Each structure stands twice: as C-alpha cells, then as structure tokens.
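Student: Could you take me through one part of this model up close? I'd like to look at chain B and how it sits with the rest.

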Amino acid sequence: MKLEPIDDFERDLRQSLERRPAPPGLKRKVMERRSWLRTQRLQSRSVIWQRLAASVVLAGALCGGWMWHERQEQRKGEEARREVLTALRITGHALNEMKAQLAAHHSPNQE
Amino acid sequence: MNNRIIAFVLGVVGLSATVLAQTSPLPLPPPVEKELAARASNVTEVTLGKNMLAFASKFMNGKDEDEAATRKLIDGLDGIYVRDYEFDKEGQFSMDEIEQLRKYFETSEWTSIVHERERKSGETTDVMVKLVNGESHGMFVLTVEPKELTIVLILGPIKMEDLGKLHNIGGLSALNEVAKMPGVKDKEKTKDKTKVKTGDNE
Amino acid sequence: MAHDWQPDFEQLVDEHQSMVFSLAARMTGDRGLAEEIAQDVFLELDRNLGKMESAAHVSFWLRRVAMSRSADAMRRRRVRCTDMWIEIEEGHGATTEDKDSPMGARLEQLLATLPEPQRAALILRYQEDLTPEEIAATLDAPLATVKSQLQRGLKLLRHKAQSHLKEYLRVKEQANEA
C-alpha cells in the first residue's frame, strides 16, 4: 500500500530512496553458492548414511559375534557336562571292578 | 646385563609355573600314559580343573535328581582326572608300567587303603585317599584288567557318601563300601576330632 | 510443503535482489558488504523455502532478514557513514537519477548519518512504502517506537538537509519561482 508523502521533502526522500539495481553478478554468485552448498549437504548426508550403515554393520557383527560366542559357550558347557558324567561313569566302572576284585580275593573259596 | 635378563626371565617362568601349579592342582600326565594310549584301541581321557568343573556345573539339569546331586558333588572339587584305556588283546602293558603309574600319583599326602594284586589274571586294584588335616581331599583309584586300565583321580573335599548317592551312575555306590574300609574309617574318626578343634575349613 | 504455493528460487532472486541489495546498502553504507549480505539472505531463503506460504510472505521475510543481517554486520564491522559518500562521489552505484538529481544523492548520504533505528524506519518507509504497522512487524519493534523513530528521523533529516544542503534550498526556490 503506497502512502502519499505529506510534503516535497518526503517526496524527494522517496525518490532518493528508490531501489538500486543489484550488482550484475549477484544472482550468479547466489546460484553458484547455492549449488555448492547443496552438494556439500548431499555429501554430508551421504557420509552420515555411510557411517550409519557402518554402525549397523558393526552392531550386526558384534551381535552376531556375541550370539556365536553364546552358542560356543553353550556347546562348551554341554561338552564339559558330558565329560563330567563320563568321568563319573568311568569312576563307577572302576569301583565296580574294584569291588569285584575285592570280593574275589576275599571269597571263602580262596581261603 | 645379559645375565640379569636371563635371571629375570627364569624368575618369571618359575613364578608362572608356581602360579600355574597353585591354580591347577591336577598333575601333568605321566610320560607312560602316552605310551599306553598309543597302544590302546579305545582311549578316554578326561581332565577337568576347578574352573571347568564350575562351568560344567552351570549346565547340569537341576531338576534331574542325579545331575543335581552331581552338581552338588563337583561344586567344591579342585579337579577330576580320569583315564580309561581298552586294549584289543592281553599283554599290551607290563606290571612295571602299572607300577610307574601308581608311584607317579602316590605322593606323601596319599594314603593307600586298597592294594590288591592278582598275579594269575594280572588284575590289580589300588585305592588311595588324600588326607589334609584329617579331612579327605582326594581319591585315587587304579584298576587294571587284562585288557583295560582305568585311572581315576578326584581332588578336592570329597564325601564318599555324596558320590554314592549318584544312583544312576553304576558302581559309585561301591564308594560307600570304600568309606567303610578300615583305613578310611579310622582316618575319618580322626578327622571328626580334628574338625572340632580346627573348625570348618570348607 | 504444507501449502500449495511452489516458489521458484531463481525467480525469487530475480524479483527481489534489488530490494534486498538496496536495503543492505542503505543500512550499512557499504556496497561490498551489502552484496555479501544479499547473498547470505538469499541462501537463507533457499534453506527456508519450504516454509514460505506466499509471495507476500517472501517479501516480508526477505525484508526482515535483510534488515536483521545488516544490523548484525554493522555491529561486527565499524562502517563509516562517509564511505557511501565516497562511492557516490566516484559514481559507483550511482543511478542515472542520482546523477541527474544531486539532491537525492545528498539526502541518501545524510540518511546514512542518522542513528540506525531511525535510518531503518525511514528506509522501510520511503524505499519500501511500508506503513508504520508493517515496519513494526518487519523490525519486530513496538508500533509506538516505530512512529517515534519515523518522526524523529524525518525531523533530524530535514534539519540536516536545511543545515547542509544549500543547493537543495536553492533548487527549491527556483522550482517555486518557476
């Protein structure tokens, strides 16, 4: 909305303050910088995505590694348990044998 | 300078060996075992230290009566050392080799409670217990048949009656009889007396 | 974008670069600085393009940001009001109208010597033809303050013009006689 100036002074002032043309290269510079900044932003986003992807892969590898470790632990535990039971079974067998030998050695027939 | 380095290295090695010995009371396999194993057609060797026994204990099924009893048994043990060698035919080992085995495990801490020899059949039985301050801290069993040889070494505070409770593991009930044997029985009586004096070391 | 208006950035630069540059140049009195400010303002527009709802919104936003950045630039750098005077004397950036109307150039020069708040109010009033309410919204200042700045700025400028622009008075007399 244009307000009419009250007096000549204001009219002169308005005339003196008419918009100046922008420097010739202003638009070109703006467009060039804009293009450069957009490229930078895309590259930054790309880096962020790459880092995110790397983090996901690393997390996956760590998780997979942990799960593998857990499975290994389970397997080792089961193996250790079997070994204990084997050892006790063999112990039982040895003691049975001992018992038999003792019985045979001290049987009335032997005397 | 070089002598100092050598001395330092030897010291570290010696210290490591001492530390290892302390952390692993199970003995190293005697050399003769290797030869016996080489001739055997079937070899079973189990060596479980304290840490491994504790690890295995976690995987015992607490709901199973025997496994729960096994867990209780092995929880305080320092180690289990078991060897079982089966041979295709008789005469695959000599009595000298058996004697070597027995002497290797029989240190001053061990008390022999069974020492049976059957010359005709070649069968032998040795049972030793390790008593520390009057308490049972190990059991050694060596049984020899014409085609089979078994070594059992259990280290740690062990109650024969606990072993005997493992009903489904055949033969262990015989340990009740071992517990009743004169040598062990007398020593157990002594142990009870000293337990009152020294308190519970477990 | 939440609304239907789809602005073309390049077109907006074409349409408003004169306004933005002029605001920055008259506020700072430094043509080179004004060009830098204008570039920054348009790049900021590019970042905020999605928030623009209409052409009027863009105009308002550009004025506001241009004035704000000009004020920031002047706080950072000491700008001597006589710089613009030197540029005008050398004919740099002087328009055809300026060359034909030395009074206009002198007024512009005198405007640069006013205190910043009064200068800002007068530029928005007489360059952009904004009402006091619109000026208050652009500068984010109370309306009463803006009216006061306009009144005092105009009075001061008149006084300066009367004191220093003898040529202005002579021309006026000649015009009246004619």
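Tutor: Let's begin with confidence, since this is a predicted model. Among the elements of chain B, strand E2 (residues 79-86) has the highest mean pLDDT, at 94, while helix H8 (residues 182-198) has the lowest, at 43. For chain B as a whole the mean pLDDT is 77, and 70% of its residues reach 70 or more. Down at the weak end, the pLDDT is below 50 over residues 185-202 of chain B. That stretch still has 13 contacts in the model beyond near neighbours in sequence, but go easy on them. Where pLDDT is low, the predicted coordinates shouldn't be read in detail.

Now zoom out a bit. Chain B has eight helices and six strands. Going from the N terminus, the order is α-α-β-α-α-β-α-β-β-β-β-α-α-α, so you can trace it along the chain with your finger. Of the 202 residues in chain B, 31% are buried. And if you take the contacts in chain B with a separation of 6 or more, 57% of them are between residues 24 or more positions apart.

Here's a nice spot to zoom in on: B:Asp88. You'll find B:Asp88 in the loop between E2 and helix H5 (95-105) of chain B. Is B:Asp88 buried or exposed? B:Asp88 is exposed, because just 10 other C-beta atoms lie within 10 Å, and a residue counts as exposed at 12 or fewer. B:Asp88 also has a partner from elsewhere in the sequence: B:Ser41 is 47 residues away along the chain, yet the two C-alpha atoms are 6.0 Å apart in space.

What about the neighbours? Chain A has two helices and zero strands, and 21% of its 111 residues count as buried. Where chain A meets chain B, the contact takes 23 residues from chain A and 34 residues from chain B. The side of chain A that touches chain B has nine nonpolar, eight polar and six charged residues.

Chain A also touches chain C: there, 24 residues of chain A are in contact with 29 residues of chain C. On the chain C side, helix H1 (9-28), helix H2 (31-47), helix H6 (102-111) and helix H7 (116-126) each supply at least two residues. H1(C) gives the most, with 10 residues. By class, that side of chain C has 11 nonpolar, nine polar and nine charged residues.

Key:
Residues numbered from 1 in each chain as written. Chains lettered and ligands numbered in written order. Predicted model: local features only at pLDDT ≥ 70, side-chain atom pairs only at ≥ 80, totals over all residues. Contact = placed C-beta atoms within 7 Å. Helix = DSSP H or I, 4+ residues; strand = E, 2+ residues; numbered from the N terminus. Nonpolar A, V, L, I, M, F, W, Y, C, P; charged D, E, K, R; others polar. pLDDT = per-residue confidence, 0-100. Buried ≥ 20, exposed ≤ 12 C-beta atoms within 10 Å, placed from the backbone.
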